[in-house]
Amino acid sequence: MKPTLKAIFYSFPVQLVLLHFKKFQVLLLFWLILFGAVNGSFMANFGVDSLFLSPEYLGRVNALSTAIVGIAIGIFFMSWNITTFILFSRHFRFLATTTRPFLKYCINNAILPLVFLLFYFFRAINFNMHKELMGLGKVIWLSSGFICGLIFIVAVSFGYFFGADVQIARNMINTDPSPKPFHLGLRPHIVLNSGGSRLIKVTNYLSGRLAVRAVRNVSHYSKEFLETIFSRHHFAAVLSIFVAFVFLVLVGYLLDFEVFQLPAAASITLFLAILVSVVGAFSYFLQSWSVPFAVVFLLVLNFLYRLGVIDPTNKAYGLDYRKTTGRAAYTPENLQQLCTPEQMQLDKERMITVLNNWKSRQGVEKPYLYLISVSGGGTRSATFTMGVLQKLDSLSHGQLMKQTFMITGASGGMLGAAYFRALSQERENGHVANLQDSVFIDDISKDLLNPTFSSFVARDLASPAQKFRVGEYSYVKDRAYSFEQQLNRNTRMLLDKEFNQLAADEAAARIPTMVFNSVITRDGRKMLISTHPLSFLMRPAADSAFQDGSDPDAIDFAALFSKQNPMNLRLLTALRMNATFPYVLPNVWLPSEPTIDVMDAGLRDNYGIETALRFIHVFRDWIQENTSGAVLLQIRDRRGGGWEAPFESHAISEIVTKPMLLLQYNWYKMQQYNQMDQLSFTEDIMGGKFRRLNFQYIPEKEDAKAALNFHLTKRERMDIIRALDNNVNRSAFQTYELLATPDSVRRALSQN
């Protein structure tokens with residue numbers, strides 16, 4: 001038994017695995033990322049596992065989409081083999097004496113790829129059967145597609161290298177293989193050494209037919225002969241990686257054609273394959289100078305960024321960034337000028353005109369003023385918001401948008417609300433027959449993550465030079481552009497408008513006013529985007545005797561950027577600025593001095609309540625005089641009370657990390673506690689003329705809750721739809737029906 005175990009231990013496959021862990025551990029990080037992505041532990045909140053396990057291509061999950069991912073995984077395997085072959089082959093001289101040395105190396109280096117494939121298929125089958133609710137037959141069909149793609153690219157790769165082997169063999173005929181004196185020869189077994197100390201020993205390897213072969217003695221070959229063989233293999237290997245990089249760049253330039261929008265998992269894996277080769281090249285050519293070179297490279301990039309030579313920043317599409325226009329002054333003095341008492345009074349009078357327009361359309365003397373606040377939460381919130389609004393519209397007999405004056409909120413909820421508002425307007429124009437059709441929930445729940453990640457790899461990283469135009473202004477295409485384009489397609493092109501196309505309808509109250517929020521990263525102030533002037537929302541409403549002249553905590557976007565054509569801003573861009581999910585989407589940089597950038601509204605107010613309550617406070621006198629009261633319809637993607645997902649310690653390391661992560665884990669809950677205070681104050685000052693109806697997404701099982709990202713599985717979509725009918729929501733719907741249905745309508749319905 002001993003000799004067998006010893007032979008296994010000193011076999012080439014086992015020693016290669018040990019070598020990977022002993023040398024160049026940085027290359028193993030890419031395997032860790034790949035395993036983590038498939039397992040769902042790497043970027044879990046972004047839903048990366050679904051991109052790998054159930055990949056979409058042309059909007060469908062089928063054998064073609066999995067085949068493309070199989071091809072990408074195959075390219076990663078080959079990149080891994082090529083890179084490590086270049087790094088290690090000079091230490092394994094016996095390979096040069098075999099036919100097709102690269103094939104032999106790949107066979108013996110297959111332990112990690114095989115382990116990954118087994119793990120991938122286990123996860124993919126489980127994911128698709130339990131989360132995508134696929135039958136066994138379809139799962140097998142998808143797996144077959146993946147295997148075919150993998151086999152295809154491996155066969156093409158080896159075909160290329162077999163051709164290279166033939167050419168190398170022809171060129172080696174005139175190379176002198178004559179033996180050298182022993183002290184210049186090479187010992188056959190001790191194949192990797194450092195400073196004379198033995199690190200790796202190989203006694204046998206697997207042949208092309210998987211037979212065990214003993215390592216041959218190569219001491220009679222000249223070092224120059226062996227080096228020549230390996231160097232020519234290295235050239236063939238580098239050429240293949242270069243072709244992969246060129247392909248990725250071409251994909252980036254052709255992403256506007258849907259056929260080139262590869263599954264995100266394929267793009268990510270291709271990029272990892274290229275990174276493996278780049279890291280390998282650094283290690284091979286620079287040796288111990290790799291880290292200093294990387295540091296210098298980053299310093300140079302930073303210097304070029306400071307000079308403005310390279311500009312990776314994202315822009316607000318539609319806004320004027322030309323230097324000739326100037327920059328908006330983001331200073332305390334200028335912000336104070338935007339919300340002087342005179343300006344606030346003027347803007348309040350304009351808004352009261354809009355409120356009067358809204359009231360004149362209600363048909364009753366004192367209607368309820370409805371405001372809708374929606375929470376962040378990616379596609380799960382967008383889907384739940386759409387479902388709630390459809391049911392509310394049904395209960396009000398199609399009057400919901402007519403009765404609603406304002407919609408505000410964060411992130412995904414605003415995507416669903418904006419789409420519903422657009423559909424309601426289409427119904428008024430006779431283009432939509434049934435606003436409760438489930439097809440609209442299907443629309444808003446479609447994937448947004450796949451094109452965003454694909455563009456991040458193919459455009460942001462590989463080919464960041466393409467441009468497009470909005471009016472007379474041009475911008476760089478990046479993942480933000482791809483996100484907007486996909487959202488536009490998912491919502492039937494109904495959101496493809498500029499603010500100046502919405503202003504008249506909002507001013508006449510033919511559609512509800514939407515106030516989009518985002519957070520300025522420089523100081524945490526809120527950026528308010530609307531077709532109306534909003535200086536009266538820039539600071540809390542209070543008696544002038546108690547005003548301390550402090551700086552505003554919110555900024556009127558249109559007022560600050562009045563010279564940058566703010567009404568030319570795309571509605572899709574405003575939605576994106578409101579939903580800038582960290583890392584998935586880039587922060588939006590604005591033309592101010594000093595430069596500011598904004599990100600997701602959820603950082604300041606994930607539940608959308610703050611803006612709505614401040615509006616009620618400012619116009620409380622008009623509301624009390626002209627309405628039966630204000631009703632806040634709050635649609636949220638998580639349970640209230642703060643009991644959800646408690647921050648607990650499960651490992652000794654968390655004793656150290658818990659204080660640092662405490663704020664991050666409890667941020668939304670602290671917002672909720674603060675907003676409960678605001679709600680109680682509002683109820684008090686309104687003297688009973690304020691009500692809140694709360695609609696919550698509460699999953700049937702907590703461990704099956706829909707993920708917070710821009711992708712939903714089939715099971716998650718079904719769980720969201722079922723949540724519309726839970727006890728909490730059923731009670732809120734019943735209350736709304738009593739408030740929203742006028743007595744005359746109720747009597748007519750009862751008579752029928």
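## Burial and the pair at 637 and 638

A residue counts as buried when its relative accessible area is under 20%, as exposed when that area is over 50%, and as partly exposed in between. In this predicted model, aspartate 637 has a relative accessibility of 0%, so aspartate 637 is classed as buried. Arginine 638 has a relative accessibility of 10% and is therefore buried as well. The side chains of aspartate 637 and arginine 638 form a salt bridge, with 3.4 Å from N to O.

## Salt bridges between separate parts of the chain

In total, the structure contains 23 salt bridges. One of them joins the side chains of aspartate 551 and arginine 525, at 3.6 Å from N to O. Aspartate 551 belongs to the loop between β12 (526-529) and β13 (554-556), and arginine 525 to the loop between β11 (513-520) and β12, so this salt bridge ties together parts that are 26 residues apart in sequence. The two partners fall into separate classes of accessibility: aspartate 551 is partly exposed, at 35% relative accessibility, whereas arginine 525 is buried, at 18%.

A further salt bridge connects aspartate 553 with arginine 604, and their closest N and O atoms are 3.0 Å apart. Aspartate 553 is found in the loop between β12 and β13, while arginine 604 is part of helix α23 (residues 602-605); this pair links distant parts of the chain, 51 residues apart. Aspartate 553 has a relative accessible area of 22% and is therefore partly exposed. Arginine 604, at 19% relative accessibility, counts as buried. Both residues also belong to a network of salt bridges that links Lys526, Asp553, Arg604, Glu610 and Arg614.

## Aromatic pairs

Across the whole structure, 32 aromatic pairs are found. One of these is formed by tryptophan 31 and phenylalanine 77, whose ring centres are 5.8 Å apart and whose planes meet at 25°, an arrangement classed as stacked. Tryptophan 31 is located in helix α3 (residues 28-39) and phenylalanine 77 in helix α5 (residues 63-88), so the pair ties together parts that are 46 residues apart in sequence. Both tryptophan 31 and phenylalanine 77 are buried.

Tyrosine 120 and phenylalanine 121 form an edge-to-face pair, with 5.8 Å from centre to centre and 75° between the planes. Tyrosine 120 has a relative accessible area of 3% and is therefore buried. The residues of both pairs belong to a cluster in which ring pairs link Trp31, Phe35, Phe76, Phe77, Trp80, Phe116, Phe119, Tyr120, Phe121 and Phe146.

## Charges over rings

Two tyrosine rings have a charged side chain over them. The charged end of arginine 576 is placed over the ring of tyrosine 317, at 4.8 Å from the ring centre. Lysine 315 lies over the face of tyrosine 321, with a distance of 5.7 Å to the centre of the ring.

## Segments annotated in UniProt

An unreviewed UniProt entry assigns the feature "transmembrane region" to residues 64-88, 109-127, 139-162, 235-255, 261-282 and 289-307. In the model, residues 64-88 are 100% helix and 0% strand, and the end C-alpha atoms of this span are 36 Å apart. Residues 109-127 are 89% helix and 0% strand, with 29 Å between the end C-alpha atoms.

Note on methods: Residues are numbered from 1 along each chain as its sequence is written. This is a predicted model: local features need pLDDT of at least 70, side-chain atom pairs count only at pLDDT 80 or more; totals for chains, interfaces and linings use all residues. Side-chain values use heavy atoms; hydrogens and water are left out. A salt bridge is a side-chain nitrogen of Lys or Arg within 4 Å of a carboxyl oxygen of Asp or Glu. Helices (H or I, at least four residues) and strands (E, at least two) are DSSP runs, numbered from the N terminus. Buried means under 20% relative accessible area, exposed over 50%, partly exposed in between (1.4 Å probe, protein chains only). Rings of Phe, Tyr and Trp (its six-membered ring) pair if their centres lie within 6.5 Å; planes under 30 degrees apart count as stacked, over 60 as edge-to-face and the rest as tilted. A charge sits over a ring if NZ of Lys or CZ of Arg is within 6 Å of the ring centre and within 35 degrees of the ring normal. UniProt positions are given in the numbering used here, feature names are shortened, and annotations may be inferred rather than shown by experiment.
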